[in-house]
Amino acid sequence: MHYKYGQTLGKMAVGIKVIDVSETRGISLKQAILRDSAWIVLQTFSLLSIGGSITQSASSLWALTEIITMFTNSKRRALHDFIAGTVVVRVKAADSVIA
């Protein structure tokens, strides 16, 4: 949904959208995949029970890094936004409706 609409249903509900860091266009498929890649890998390891406590530690470290990154830059970009070259912006309710 990030690639096609720039939003998930939750983002639509709260009026935010993911766009390219240039803030002039939506995100590409590559950006959408990069944006979620760390989460996908960690969840896959967790579901397959690979690494056990190591996976839990990595997930906790990732979450902490995301929060620290988000609170230490002016656009509130999290680490996954830097990796993908994206930014989250507020949109008007009419802009977030799927056409």
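Is Glu23 buried, partly exposed or exposed, and what is its relative accessibility? In this predicted model, Glu23 counts as partly exposed because its relative accessibility is 40%, between the limit of under 20% for buried and over 50% for exposed. Glu23 lies in the loop between β1 and α3. Its phi is near 60°, a positive value in a residue other than glycine.

## Overall architecture

The protein chain has 99 residues, of which 27% are buried. Its secondary structure comes to five helices and two strands, and from the N terminus on the elements run α-α-β-α-α-α-β. Taken along the principal axes, the C-alpha atoms fill a box of roughly 45 × 30 × 25 Å. The accessible surface is about 6,600 Å², and carbon and sulfur atoms account for 66% of that area. Among contacts with a separation of 6 or more, 53% are between residues 24 or more positions apart.

## Salt bridges

Side chains of opposite charge can pair when their charged atoms come close. In the protein chain, the count comes to three salt bridges. The table gives the closest N and O atoms of each pair.

| Basic residue | Acidic residue | Closest N and O atoms |
|---|---|---|
| Arg25 | Asp20 | 3.5 Å |
| Lys75 | Glu23 | 2.8 Å |
| Arg35 | Asp81 | 3.0 Å |

The partners of the Arg25 and Asp20 pair fall into separate accessibility classes. Arg25 counts as partly exposed, at 47% relative accessibility, whereas Asp20 is buried, with a relative accessible area of 6%.

The salt bridge of Lys75 with Glu23 has its closest N and O atoms 2.8 Å apart. Lys75 lies in the loop between α4 (53-71) and α5 (79-84), and Glu23 in the loop between β1 (16-20) and α3, so the pair ties together parts that are 52 residues apart in sequence. Lys75 has a relative accessibility of 40% and therefore counts as partly exposed; for Glu23 the value is 40% and the class is partly exposed.

The loop between α4 and α5 also holds Arg76. Arg76 has a positive phi of about 60° although it is not a glycine. At 47% relative accessibility, Arg76 counts as partly exposed.

The third pair joins Arg35 and Asp81, with the closest N and O atoms 3.0 Å apart. Arg35 lies in helix α3 and Asp81 in helix α5, so this salt bridge ties together parts that are 46 residues apart in sequence. Arg35 counts as buried at 7% relative accessibility, and Asp81 is buried as well, with a relative accessible area of 3%.

## Helix α3 and its surroundings

Helix α3 spans residues 29-47. A kink of about 50° occurs in α3, centred on Ser37. After α3 comes Ser49, whose phi is positive, near 55°.

The residues Gln31, Ala32, Arg35 and Leu42 are buried in α3. An α-helix has 3.6 residues a turn, so residues three or four places apart point the same way. The cover over the buried residues of α3 includes α1 (2-5), α2 (9-14), β1, α4, α5 and β2 (86-90).

## Surroundings of Gln31

Which residues does Gln31 touch, not counting those up to four places away in sequence? They are Asp20, Arg25, Gly26, Ala84, Gly85 and Thr86. Gln31 is located in helix α3, and it counts as buried because its relative accessibility is 9%, with the limit for buried at under 20%.

The side chain of Gln31 takes part in two kinds of interaction listed here. With the side chain of Asp20, Gln31 forms a polar contact of 2.7 Å. In addition, the side chain of Gln31 reaches the backbone oxygen of Ala84 at 3.1 Å.

Asp20 is thus a shared partner: its side chain is joined to that of Gln31 by a polar contact, and Asp20 forms a salt bridge with Arg25. Arg25 is itself among the residues that Gln31 touches.

Key. Residues numbered from 1 in each chain as written. Predicted model: local features only at pLDDT ≥ 70, side-chain atom pairs only at ≥ 80, totals over all residues. Heavy atoms only, no water. Helix = DSSP H or I, 4+ residues; strand = E, 2+ residues; numbered from the N terminus. Buried < 20%, exposed > 50% of the residue type's maximum accessible area, 1.4 Å probe, protein only. Polar contact = N/O pair within 3.5 Å; in protein donor to acceptor, adjacent residues only side chain to side chain. Contact = heavy atoms within 4.5 Å. Salt bridge = Lys/Arg side-chain N within 4 Å of Asp/Glu carboxyl O. Bend = angle between axes of the 7 residues up to and from the residue. Areas by Shrake-Rupley, 256 points an atom, 1.4 Å probe, with all protein chains shown as cover.
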